[in-house]
Amino acid sequence: MMALAALLMLVACNDSETYADQKDKERDAINKFIKAQGINVISESEFNRDTITDVSKKEFVLFENTGIYMQIVRRGCGEKIKNGQTVNVLCRFNEYNLLKDSLKLSNNVIANSSLPDKMSVTNTLGTFNATFVSGLMLQTYGTSSVPAGWLTPLTYINIGRLLKESDQFAKVNLIVPHSQGTQYALSNVYPCYYELTYEKGI
């Protein structure tokens with residue numbers, strides 16, 4: 001009986017997943033997505049030459065210090081958030097869980113179309129801080145904390161309103177590891193892919 005109990009405990013221990021195992025699964029999911037989508041990863045030094053990601057070549061820049069991959073689809077109308085400035089920013093998004101290869105959350109669908117995410121963003125010497133004021137992310141995850149991944153593009157894009165026919169909102173695509181994602185992604189160790197637009201709110 002004791003030998004059987006010891007064997008069962010050994011099997012249970014071997015089945016338990018460590019944080020390192022979870023990070024390996026996350027890394028595999030990200031690499032699988034990159035390969036499946038034909039993404040061309042460029043370095044920060046290459047990106048910093050012109051801060052452009054060529055959409056026709058499926059370019060994403062990898063920020064080594066955070067593990068975030070970013071593609072700027074449109075830089076957008078308006079202007080960048082200035083140092084010392086606080087701006088309300090409205091976001092529309094699709095959130096995909098890359099571990100499960102599924103759409104997790106979206107305010108681009110009819111059911112949630114009335115819930116654009118409004119966040120208050122402050123630029124302090126090039127560092128962006130933000131809190132959700134309202135919207136689907138706040139309602140779903142129950143926290144005003146904005147994923148760090150959502151703030152990364154703000155250094156490079158413009159935040160504005162559509163004033164003429166040719167104007168377009170800024171749009172980016174992001175691969176966000178758990179450490180830069182929602183608190184739920186952080187605690188459950190999964191990466192997300194985001195399609196995001198940014199516009200100036202009231």
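# A chat about a predicted chain

Visitor: Is Asp167 buried or exposed?
Guide: Asp167 has a relative accessibility of 12%. Buried means under 20% relative accessible area, exposed over 50%, and partly exposed in between (1.4 Å probe, protein chains only). That makes Asp167 buried.

Visitor: Before we go on, what kind of model is this?
Guide: Residues are numbered from 1 along each chain as its sequence is written, and side-chain values use heavy atoms, with hydrogens and water left out. Local features need pLDDT of at least 70, side-chain atom pairs count only at pLDDT 80 or more, and totals for chains, interfaces and linings use all residues, as the model is predicted.

Visitor: Okay, back to Asp167. Which residue does its side chain meet in a salt bridge?
Guide: For a salt bridge, a side-chain nitrogen of Lys or Arg must lie within 4 Å of a carboxyl oxygen of Asp or Glu. Here the N to O distance is 3.2 Å. The partner is exposed, at 55% relative accessible area, and its name is Lys164.

Visitor: How many salt bridges are there?
Guide: Side chains of opposite charge can pair when their charged atoms come close. Besides Lys164 with Asp167, the bridges include Lys82 with Glu79, at 2.7 Å from N to O. Lys82 is partly exposed at 44%, and Glu79 is partly exposed with a relative accessible area of 44%. By this rule, the count comes to four.

Visitor: Asp24 and Arg27 form a salt bridge too. Which helix holds both residues?
Guide: Their side chains meet at 2.8 Å, N to O. Asp24 is partly exposed at 36% relative accessibility, and Arg27 is partly exposed at 44%. They sit three residues apart, about one turn of the helix, and that helix (residues 19-37) is α2.

Visitor: How many helices and strands does the chain have?
Guide: The elements are DSSP runs, numbered from the N terminus: helices are H or I with at least four residues, strands are E with at least two. In this chain the tally is six helices and nine strands.

Visitor: How much of the chain counts as buried?
Guide: The chain has 202 residues, and its C-alpha atoms fill a box of roughly 80 × 35 × 35 Å along the principal axes. Of those 202 residues, the part that counts as buried is 40%.

Visitor: Which two residues make the edge-to-face pair linking α5 with β9?
Guide: Rings of Phe, Tyr and Trp (its six-membered ring) pair if their centres lie within 6.5 Å; planes under 30 degrees apart are stacked, over 60 edge-to-face, and the rest tilted. The whole structure has ten aromatic pairs, and in this one the centres are 5.7 Å apart with 80 degrees between the planes. One partner lies in helix α5 (residues 148-151) and the other in strand β9 (residues 192-200), so the pair ties together parts that are 44 residues apart in sequence. They are Trp150 and Tyr194.

Visitor: Which residues form one aromatic cluster with Trp150 and Tyr194?
Guide: Start with the pair itself: Trp150 is buried at 0% relative accessible area, and Tyr194 is buried at 0% too. The other members of that cluster are Phe93 and Phe132.

Visitor: Which residues does Thr152 touch, not counting residues up to four places away in sequence?
Guide: Thr152 is in the loop between α5 and β8 (170-176), and it is buried with a relative accessible area of 18%. Contact means heavy atoms within 4.5 Å. The residues touched are Phe63, Ile68 and Met70.

Visitor: Glu59 is buried yet has no salt bridge. How far away is the nearest side chain of opposite charge?
Guide: Lys and Arg count as positive and Asp and Glu as negative, leaving out His and the chain ends. Glu59 sits in strand β2 (residues 59-63), and among its contacts beyond four places in sequence are Asn40, Ile42 and Met70. The nearest opposite charge belongs to Lys57, and the distance is 4.9 Å.

Visitor: Last one: how far apart in space are Leu125 and Gln85?
Guide: Leu125 is in the loop between β6 (117-124) and β7 (127-134), and it is exposed at 73% relative accessibility. Leu125 and Gln85 are 40 residues apart in sequence. From C-alpha to C-alpha, the distance is 10.0 Å.
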